Structures are given as structure tokens and as C-alpha cells.
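Open the model in a viewer and keep the selection panel at hand. The tour moves from the whole chain to single residues.

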Amino acid sequence: LDFVYRRFMEEIFHKSSSTDAEERSAWLHCVDMRDLGCQAACHSKSVQKLWTKLLTPEEYATLNNDEENKFLELKPDSRGEFIEFVPENRMNPERLYHETLRSEGRLVHVEDGSESESSDDGDDEDDGFTYPSFEGFFGQNTDFLYYSKHVRLAYSPFLAKCVQSLETWDKFFTNLFLGGTIKDALSLLKLDECTRQYVYVRSPILKLGDDSYRHRDDGEHYITYPFFPFLFYLFAKNTSPPRTWSSSLFNKLCDDDNAKDTAVAARDWTLQKIRCSSLNPKDADDPECGGEWFEAYLYAVHRDIYDDIDISDATALLKKNKMKSLNSNRKYNIGRIRIPSCQEGFEEILQAFSTGPSNEKITDRSEVLAKILIDIYMSCLVDFSTILKVVDIASSSSKSKVVIVLYMGTAHTRAVSDFFLNRMSFRRKAFIGKFDWDDDECRSLRLPGALWNFNDLFQK
């Protein structure tokens with residue numbers, strides 16, 4: 001990976017070349033779109049400088065207009081289809097409410113609650129900004145579900161009020177990411193004046209018990225995409241009507257007679273994989289490298305068990321029927337614990353929000369079911385996009401023999417391999433390494449000659 005990074009950086013900033021950066025790095029293809037538009041995911045400071053080149057001169061001027069630290073309102077154009085560009089750290093309407101609370105003296109200091117918060121609350125501390133994207137809004141869920149379970153992030157209100165059924169969610173997701181248009185996808189949601197308040201998964205404002213408010217501190221984790229970007233968003237270049245990147249790529253391949261059948265097979269395989277996981281998330285998970293959904297479910301719903309067992313290996317939780325207590329001789333029968341299906345989960349989410357606005361409550365159970373549902377779809381979307389990109393590279397090449405090196409996690413690599421082996425009748429010639437390593441085992445690999453000389457890969 002370090003070699004790939006160094007080569008990429010060398011070609012991006014090669015002074016003697018007159019071709020643009022995209023052409024110079026054509027050998028490198030990114031397929032995991034779950035942080036699409038996120039400036040924080042662009043770790044190299046030198047690459048971050050290219051971020052603003054995606055903007056028009058007018059947009060760039062707006063970004064750098066810090067006059068009186070003005071918070072900009074969202075303004076639709078005359079057709080109501082687009083809005084003028086607003087930087088990420090200014091585009092959340094709750095930031096405006098934040099300013100109102102501060103001007104009224106109702107925004108208290110984090111430490112002792114005795115003083116009004118200073119104007120330096122960190123809103124403008126980062127130099128960059130995030131482009132809003134559907135991929136990022138749903139994709140950020142994975143990080144919090146797997147690695148930051150303690151962070152309060154609420155998707156269940158959006159599902160209950162704006163989506164309203166699993167059938168609608170399935171149609172919305174398929175239109176948005178698997179070949180349809182953004183307009184058709186959004187038309188399936190209820191996004192009126194009454195439901196738009198539910199598009200927020202995280203507010204920057206925390207209400208305290210004495211009817212005062214404070215800004216959430218950095219220790220509670222920064223949320224890159226705080227709300228569903230239904231008004232403005234990234235979409236694929238040269239698409240009319242606008243489509244997301246994966247939908248655009250799918251339609252491109254469907255226009256190619258040599259690639260169409262594989263693209264359609266990839267979509268059918270993806271939908272089948274989603275439905276299988278949706279029926280039984282625990283049993284359908286990858287037994288070799290899965291377990292994150294079940295671990296998150298234990299954390300949210302069976303916290304007493306979660307805190308009293310060894311959860312260092314999420315995959316082991318899928319395989320074991322019983323886990324020994326860390327503090328006693330008791331054994332927990334975790335094999336009997338199941339994750340509700342996505343249909344059951346959605347019904348629970350709807351039930352939590354069916355008692356009227358005054359009694360609506362986000363529960364740990366309904367929220368983890370919402371996150372698992374979204375991650376099932378987003379995880380399969382990564383596999384779908386990877387397969388499409390592999391097909392795109394091969395069909396676009398003028399050569400009859402093409403080598404594609406895929407650098408991904410084990411679960412996604414296994415999924416893509418499954419598609420090509422079982423759906424497209426590819427033949428596996430070798431498997432190097434193993435899935436289950438001991439903690440103290442050296443993980444060095446002896447690569448065969450064919451991986452040093454790619455020409456040998458095509459020898460019969």
C-alpha cells in the first residue's frame with residue numbers, strides 16, 4: 001500500500017507532465033465510496049490542496065468569504081432544483097440556531113455551565129470542507145456501528161418518518177445506487193415541511209436538563225455528514241438526469257454490449273445478497289471475517305452480556321454458542337440470541353415513532369436495527385461497485401490480458417471473489433495465506449512466481 005501511495009503522489013505532482021492529474025493516475029481506481037466528498041478522508045495535505053479545484057471560481061469565492069463569520073442560508077434557484085454553494089461548516093441550519101442560542105446567552109460553557117460559550121467553538125477550526133453526498137451520509141454509519149458504538153448517531157427517525165417502510169427503502173436504495181436516477185430515488189421519500197426535521201442524524205447542539213444548551217465537545221466525535229443531503233449533493237459527471245457514481249457506472253456498462261450481461265448479473269447478485277442478509281443478519285454474515293453486526297447488537301440490546309464476555313474477536317461471537325463470563329463461572333448462551341430481520345427491525349422502528357411527536361423516543365434497540373439495516377445495503381454496494389469497476393477496466397482495455405490488483409478487506413475480497421467464481425465461472429488458480437491467524441504468528445507470505453511476473457498468470 002505504501003508503494004501505491006508513493007507512486008500515486010509522484011504522478012500527481014510530476015512537474016514535467018502536462019496531462020491532468022486524472023489521466024496520470026488512471027492506473028489507480030477507488031471503489032469504496034462511503035466517504036465520498038469527505039475532506040477529512042484526504043489525509044495528505046498536498047492532495048488536499050487539489051480539493052478546491054472541484055469548485056467553480058464563484059463557489060471558491062463563497063468558501064473564502066469569512067466576512068463577519070456569516071452563516072449562509074440555503075437558497076434554491078428559480079426552478080427550485082439547485083441551491084447556491086454553501087461550505088459544509090455553514091450549511092447545516094442547526095448552526096444558525098446555534099448562533100441564536102449563543103446570542104441569547106442560552107449556550108453554556110462545557111466545563112462548569114456558568115459562563116456563555118465563547119465565540120471560538122471550533123466551527124471554523126478546519127481549513128477544508130466536505131462535499132455533501134448520499135454515499136457519505138449512509139457510509140459514515142459503518143464506522144460508528146463498528147468502531148465508535150458509544151457515539152449517538154440516530155438514523156431511525158429518518159427511516160421512520162422519511163422512508164416509512166422497508167419496501168420503500170429497498171426501492172429508494174436501488175434507484176439511488178443500482179442504476180436509477182437521484183430524482184426518481186428522492187421522489188419515493190416523504191420530504192415535506194413536517195418530516196425534514198428528521199433528516200438530521202446528529203445535532204451540533206446538546207440540550208441540557210435546565211433548558212439550556214451547549215455545543216457538543218470534540219470528545220463526542222465529529223460527524224462529517226450530519227444530515228441527509230436532499231437539496232444538494234455530489235453526482236457523477238456528465239449525467240443527465242443526475243445519477244450517483246455507481247448508478248452512472250452501471251448505466252455506462254449497460255450501453256456496452258460486451259459488458260452489459262456482467263453488469264446486470266452483478267446487480268442481480270447484489271440484490272440477492274442484500275435480501276439474504278436482510279432475512280437473517282446474524283446467520284448470513286461471513287463466518288470467516290464477519291461478526292460486527294452481532295457485536296453491535298449485543299452492545300445495544302444485551303449490554304450486560306457484552307460487558308462480561310471477551311469481545312476481542314467479533315467473528316468468534318458468530319460461531320460460539322456459549323461464552324464464559326469474565327467475572328464469574330457463568331456462561332452466556334449467545335447462540336440463542338438472534339438479530340431480527342430487517343422487516344422485523346423496520347416494524348420496531350415504526351412502532352417507536354407511532355405514538356405522536358411528544359412521546360417519540362430513540363431507543364438503543366431500534367437505533368442499532370436501523371444501523372444494521374443500512375450497513376447491510378452499503379456493504380453490498382461496495383462489492384457491487386468493485387465488480388462494476390473491474391468490468392469497466394477490462395472492457396475498456398485494448399489488451400486481451402488484463403491484471404487487476406484488488407486491495408480491500410477480507411470480507412469484500414471474499415464477496416467479489418464469490419461473484420466471479422460462482423456467477424461468472426472464473427477458475428481459482430491459487431490461494432495464498434489463510435483467514436485465521438494466531439496472535440503471535442508471523443504473517444509473512446511467500447508469493448509464487450506468477451505474482452512477480454504477471455505473464456505467468458495466463459499460462460495454462
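The stops below run from the overall fold through the core, two helices, the empty spaces and a few backbone details.

**The whole chain**

Begin with everything shown as a cartoon, bearing in mind that this is a predicted model. The protein chain has 17 helices and four strands. Of its 460 residues, 45% are buried. Colour by accessibility if you like: the accessible surface comes to about 26,000 Å², and carbon and sulfur atoms hold 49% of that. Among contacts in the chain with a separation of 6 or more, 69% are between residues 24 or more positions apart.

**The largest nonpolar core**

Select Phe138, Phe158, Trp169, Phe172, Phe177, Val199 and Phe228. Within the 89 residues of the largest nonpolar core, these touch the most other members. Now add helix 16, residues 364–396, which gives the most to this core, with 16 residues.

Centre on Phe138. Leaving out residues up to four places away in sequence, Phe138 touches Tyr155, Phe158, Trp169, Phe172, Leu176, Phe177, Phe228, Ile374 and Met378.

Move next to Phe228, in the loop between strand 2 (213–215) and helix 10. Is Phe228 buried or exposed? Its relative accessible area is 0%, so it counts as buried. With residues up to four places away again set aside, the residues that Phe228 touches are Phe134, Phe137, Phe138, Phe158, Phe172, Leu186, Leu189, Leu191 and Val199. Draw a C-alpha to C-alpha distance from Phe228 to Val201: the value is 8.0 Å, for residues 27 apart in sequence.

**Helix 6 and helix 10**

Select helix 6, residues 134–146. Helix 6 is mostly covered, with 12 of its 13 residues buried. Phe134, Phe137, Phe138, Phe144, Leu145 and Tyr146 are among the buried residues, and so are Glu135, Gln140 and Asn141. To see what covers them, show helix 7 (156–163), helix 8, helix 9 (182–186), helix 10, helix 12 and helix 16, which are included in that cover.

Then select helix 10, residues 245–254, where seven of 10 residues are buried. They are Ser246, Ser247, Ser248, Leu249, Phe250, Leu253 and Cys254. The cover over these residues includes helix 8 (166–177), helix 11 (260–279) and helix 16.

**The second largest pocket**

Switch on a surface and select Arg152, Leu153, Ala154, Val201 and Ile362. Of the 36 residues that line the second largest pocket, these lie nearest its centre. The pocket has a volume of about 1,100 Å³. Helix 6, strand 1 (205–207), helix 12 and helix 16 are the elements that each give two or more residues to its lining. Which of them gives the most? It is helix 16, with four residues. By type, the lining has 18 nonpolar, four polar and 14 charged residues.

**The largest cavity**

The structure has two cavities of 30 Å³ or more. For the largest, select Pro281, Ile339, Pro340, Ser341, Cys342, Gly345, Phe346, Leu369, Ile372 and Leu373, which form its lining. Helix 15 (342–352) and helix 16 are the elements that give two or more residues to this lining. The space inside is about 50 Å³. Eight of the lining residues are nonpolar, two are polar and none is charged.

**Ala300**

Go to Ala300 in helix 12, residues 292–301. Ala300 has a relative accessible area of 21% and is therefore classed as partly exposed, since buried means under 20%. Neighbours within four places in sequence aside, Ala300 is in contact with Asp364 and Val368. Its C-alpha atom is 9.4 Å from that of Leu369, a residue 69 places away along the chain.

**Backbone details**

End with the backbone. Most residues other than glycine have a negative phi, and most peptide bonds are trans. Zoom in on Ser240 and Pro241, which are joined by a cis peptide bond with omega of about 0°. Pro241 is in the loop between strand 2 and helix 10, and Asn238 lies in that loop as well. Asn238 has a positive phi of about 60° although it is not a glycine, and it is exposed, with a relative accessible area of 82%.

The last selection is Ser425, in the segment after helix 17 (410–423). Ser425 also shows a positive phi of about 60° without being a glycine. Its relative accessible area is 66%, so Ser425 is exposed.

Technical notes. Residues are numbered from 1 along each chain as its sequence is written. This is a predicted model: local features need pLDDT of at least 70, side-chain atom pairs count only at pLDDT 80 or more; totals for chains, interfaces and linings use all residues. Side-chain values use heavy atoms; hydrogens and water are left out. A nonpolar core is a set of buried Ala, Val, Leu, Ile, Met, Phe, Trp, Tyr and Cys residues joined through side-chain atoms within 4.5 Å. Buried means under 20% relative accessible area, exposed over 50%, partly exposed in between (1.4 Å probe, protein chains only). Contact means heavy atoms within 4.5 Å. Accessible areas come from the Shrake-Rupley method with a 1.4 Å probe; for residues, only the protein chains shown count as cover. On a 1 Å grid over the protein atoms alone, a cavity is a set of points where a 1.4 Å probe fits but cannot get out, and a pocket is an open set with protein on both sides within 12 Å along at least five of seven lines; lining residues have an atom within 4 Å of a point. Grid points are joined across faces, edges and corners, and a volume is the space filled by probe spheres set on the points. Ala, Val, Leu, Ile, Met, Phe, Trp, Tyr, Cys and Pro count as nonpolar, Asp, Glu, Lys and Arg as charged, and the others, Gly among them, as polar.
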